[in-house]
Amino acid sequence: MEDILYVKIEQNIPVQKLEQEIFYTLPKDCQQKTMFTIGKVFEGIHKVYPSIQIENIGEKDFIVDLEEPDQKEKSRAVEFAKAAFVSLVAFFGAAFTIMTFNEDVSVSSVFDKVYKIIMGTAKQGGSILEISYAIGLPAGILIFYNHFRRRKIKNDPTPIQVEMRTYEEQVNKALISTASREGHTIDVN
């Protein structure tokens, strides 16, 4: 009976220093992202195991993303500053968006009309509608984006995670297509 090796390669593989079988050595002047075809992997495997049958159950073309070890060791202060900046921009941007939406659709006049219809008189100051809206809006956002306390309410990915994964897949496909079109894919010799 012949041995079968099943190979499943993802679209984008981060590679640092490997202690595995080497099937290709990247030249020193190579780009950070290098495109390969599965044929090159088969070629490398057959050099070591010439009689093995290989079945591909993953991607036909993929990206090897070279990560230098010193690039990963960034200052915690710099990383914290970047995170703080992005958080502030997102917070104030979201606040501004919500305020302009509320002003555009005139939420305050809608609340005034609803209060008058239900209570029969014009409201004086704030009402339960504004309080409910002020509490419900952030609570709804937290629940929708599945970020409530430290534990998740459900195991589904958040909408942001889904969008990031979709974006990542589109970038990988574009890189692979461009490299293939320009003849920069590393394939079987």
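## Tyrosine 115 and its contacts

Contact here means heavy atoms within 4.5 Å. On that basis, and leaving aside residues up to four places away in sequence, tyrosine 115 touches Gly120, Thr121, Ala122, Lys123, Ser127 and Leu129. The model is predicted.

Tyrosine 115 sits in helix H4. Its relative accessibility is 22%. The cut-off for buried is under 20% and for exposed over 50%, so tyrosine 115 counts as partly exposed. Serine 127, one of the residues that tyrosine 115 touches, lies twelve residues from it along the chain. The C-alpha atoms of the two are separated by 8.0 Å.

## Chain overview

The chain has 189 residues, and buried residues make up 17% of them. Its secondary structure comes to six helices and five strands. Along the sequence the pattern reads β-β-β-α-β-β-α-α-α-α-α.

Consider the contacts in the chain with a separation of 6 or more. Residues 24 or more positions apart account for 69% of them. The chain exposes about 15,100 Å². Carbon and sulfur atoms supply 60% of that area.

## The three-stranded sheet

Three strands form an open sheet in the order S2-S5-S3. The pairing is mixed. Strand S2 (12–15) and strand S3 (33–37) are the edge strands, each pairing on one side only. On average, neighbouring strands of the sheet are turned by 30° against each other, direction ignored.

The mixed pairing can be read strand by strand. S2 pairs with strand S5 (residues 61–66) in the parallel sense, over four bridges. S3 and S5 pair in the antiparallel sense, over five bridges. Individual bridges can be named. Isoleucine 13 has valine 64 in S5 as its bridge partner. Proline 14 is bridged to aspartate 65 in S5. On the S3 and S5 side, threonine 34 has valine 64 as its bridge partner in S5. Valine 64 thus appears as a partner of isoleucine 13 and of threonine 34.

## Isoleucine 13 in strand S2

Isoleucine 13 lies in strand S2. Not counting residues up to four places away in sequence, isoleucine 13 touches Phe62, Ile63, Val64 and Asp65. Val64 is also its bridge partner.

Is isoleucine 13 buried or partly exposed? Its relative accessible area is 26%, so isoleucine 13 is partly exposed. Lysine 33 is 20 residues away from isoleucine 13 in sequence. In space the two are 9.5 Å apart, C-alpha to C-alpha.

## Helices on the sheet

Two helices are described here against the sheet strands. Strand S2 pairs with S5 in the parallel sense. Helix H1 (residues 38–48) packs on the sheet and touches S3 and S5. The direction of H1 makes about 75° with that of S3. Helix H6 (residues 159–182) also packs on the sheet, touching S2, S3 and S5. The direction of H6 makes about 105° with that of S5.

H1 has buried residues: Ile38, Gly39, Lys40, Val41, Glu43, Gly44 and Ile45. What covers them? The cover includes strand S1 (4–7), S3, strand S4 (53–56) and S5. S3 and S5 are also the strands that H1 touches in its packing on the sheet.

## The second largest pocket

The second largest pocket has a volume of about 440 Å³. It is lined by 15 residues. Closest to its centre are Ala94, Ile98, Leu137, Pro138 and Ile141.

Which elements give two or more residues to the lining? They are helix H3 (76–104) and helix H5 (128–144). H5 supplies the largest share, seven residues.

## Serine 106, between H3 and H4

Serine 106 is found in the loop between H3 and helix H4 (107–119). Its phi is positive, about 55°, although serine 106 is not a glycine. Is serine 106 buried or partly exposed? The relative accessible area is 29%, so serine 106 is partly exposed.

The loop leads back to the starting point of this report. H4, on one side of that loop, is the helix that holds tyrosine 115. H3, on the other side, is one of the helices lining the second largest pocket.

Key:
Residues are numbered from 1 along each chain as its sequence is written. This is a predicted model: local features need pLDDT of at least 70, side-chain atom pairs count only at pLDDT 80 or more; totals for chains, interfaces and linings use all residues. Side-chain values use heavy atoms; hydrogens and water are left out. Two strands pair if DSSP finds at least two bridges between them. Axes are lines fitted to C-alpha atoms, for helices over the stretch in contact, and angles run from 0 to 180 degrees between N-to-C directions. Buried means under 20% relative accessible area, exposed over 50%, partly exposed in between (1.4 Å probe, protein chains only). Accessible areas come from the Shrake-Rupley method with a 1.4 Å probe; for residues, only the protein chains shown count as cover. On a 1 Å grid over the protein atoms alone, a cavity is a set of points where a 1.4 Å probe fits but cannot get out, and a pocket is an open set with protein on both sides within 12 Å along at least five of seven lines; lining residues have an atom within 4 Å of a point. Grid points are joined across faces, edges and corners, and a volume is the space filled by probe spheres set on the points.
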